[in-house]
Amino acid sequence: MPAARTLAAAVFVTDPTTHETLLLQPGTAIANPAIADQITHPDAWAPEPPRQPGRTKAETP
């Protein structure tokens with residue numbers, strides 16, 4: 001399953017099962033690809049945090 005992304009803005013989407021219109025608020029985590037695919041404006045998504053480089057066992061304190 002893809003990682004969840006977080007909304008930065010309120011958006012309206014259509015529930016893929018019930019076909020109802022949903023209002024999703026900023027801060028909502030979206031993991032369902034059928035819903036995420038409906039959100040096409042890039043500013044609707046919160047910026048993803050920068051990835052931290054992985055540590056090896058030798059680097060672990």
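A salt bridge is a side-chain nitrogen of Lys or Arg within 4 Å of a carboxyl oxygen of Asp or Glu. With that in hand, the structure above, which is a predicted model, holds one salt bridge.

**The salt bridge and its partners**

The two side chains that meet in this salt bridge belong to arginine 5 and glutamate 48, at 3.5 Å from N to O. The pair links distant parts of the chain, 43 residues apart: arginine 5 sits in strand 1 (residues 5-6), and glutamate 48 in the segment after helix 1 (33-36). In general, side chains of opposite charge can pair when their charged atoms come close. How exposed are the two partners? Arginine 5 counts as partly exposed because its relative accessibility is 35%. Glutamate 48, at 54%, counts as exposed.

Arginine 5 has a further role to look at in the viewer: this residue lies over the face of tryptophan 45, at 4.3 Å from the ring centre. Pairs between aromatic rings are another matter, as the structure holds zero of them.

**Overall layout**

It helps to step back to the fold as a whole. The protein has one helix and four strands, and from the N terminus on they run β-β-β-β-α. Of its 61 residues, 16% count as buried. The protein exposes about 4,900 Å², and carbon and sulfur atoms supply 56% of that area. As for reach along the chain, take the contacts between residues at least 6 apart in sequence: 40% of these join residues at least 24 apart.

**The nonpolar core**

Which residues form the largest nonpolar core? There are nine: Leu7, Val11, Val13, Leu24, Ile30, Ile35, Ile39, Ala44 and Trp45. As background, nonpolar side chains in soluble globular proteins tend to be buried together.

Tryptophan 45 deserves a second look, since it is named both in this core and as the ring under arginine 5. Setting aside neighbours within four places in sequence, tryptophan 45 is in contact with Arg5, Thr6, Leu7, Ala8, Ile30, Ala36 and Ile39. Among these partners, Leu7, Ile30 and Ile39 are also members of the core.

**Residues outside the regular elements**

Several residues in loops and in the segment after helix 1 are worth a visit. Histidine 19 lies in the loop between strand 2 (11-14) and strand 3 (21-24). What is unusual about its backbone? Histidine 19 has a positive phi of about 65° although it is not a glycine. For context, most residues other than glycine have a negative phi. Histidine 19 is also exposed, with a relative accessible area of 62%.

Alanine 31 is found in the loop between strand 4 (29-30) and helix 1. With a relative accessible area of 28%, alanine 31 is partly exposed.

The segment after helix 1 holds glutamine 38 and proline 42. Glutamine 38 is partly exposed at a relative accessible area of 34%. Not counting residues up to four places away in sequence, glutamine 38 touches Val13 and Thr14, and Val13 is one of the core residues. Why does proline 42 count as exposed? Its relative accessibility is 60%, and the cut-off for exposed is over 50%.

Alanine 31, glutamine 38 and proline 42 can each be set against a residue further back in the sequence, as the table shows.

| Residue pair | Separation in sequence | C-alpha to C-alpha distance |
|---|---|---|
| Alanine 31 and threonine 6 | 25 residues | 8.9 Å |
| Glutamine 38 and aspartate 15 | 23 residues | 9.9 Å |
| Proline 42 and alanine 8 | 34 residues | 9.7 Å |

Threonine 6 and alanine 8, listed here as partners, also appear among the contacts of tryptophan 45.

Technical notes:
Residues numbered from 1 in each chain as written. Predicted model: local features only at pLDDT ≥ 70, side-chain atom pairs only at ≥ 80, totals over all residues. Heavy atoms only, no water. Helix = DSSP H or I, 4+ residues; strand = E, 2+ residues; numbered from the N terminus. Buried < 20%, exposed > 50% of the residue type's maximum accessible area, 1.4 Å probe, protein only. Contact = heavy atoms within 4.5 Å. Areas by Shrake-Rupley, 256 points an atom, 1.4 Å probe, with all protein chains shown as cover. Core = buried A, V, L, I, M, F, W, Y, C linked by side-chain atoms within 4.5 Å. Phe/Tyr/Trp six-rings, centres within 6.5 Å; stacked < 30°, edge-to-face > 60°. Lys NZ or Arg CZ within 6 Å of the ring centre and 35° of its normal.
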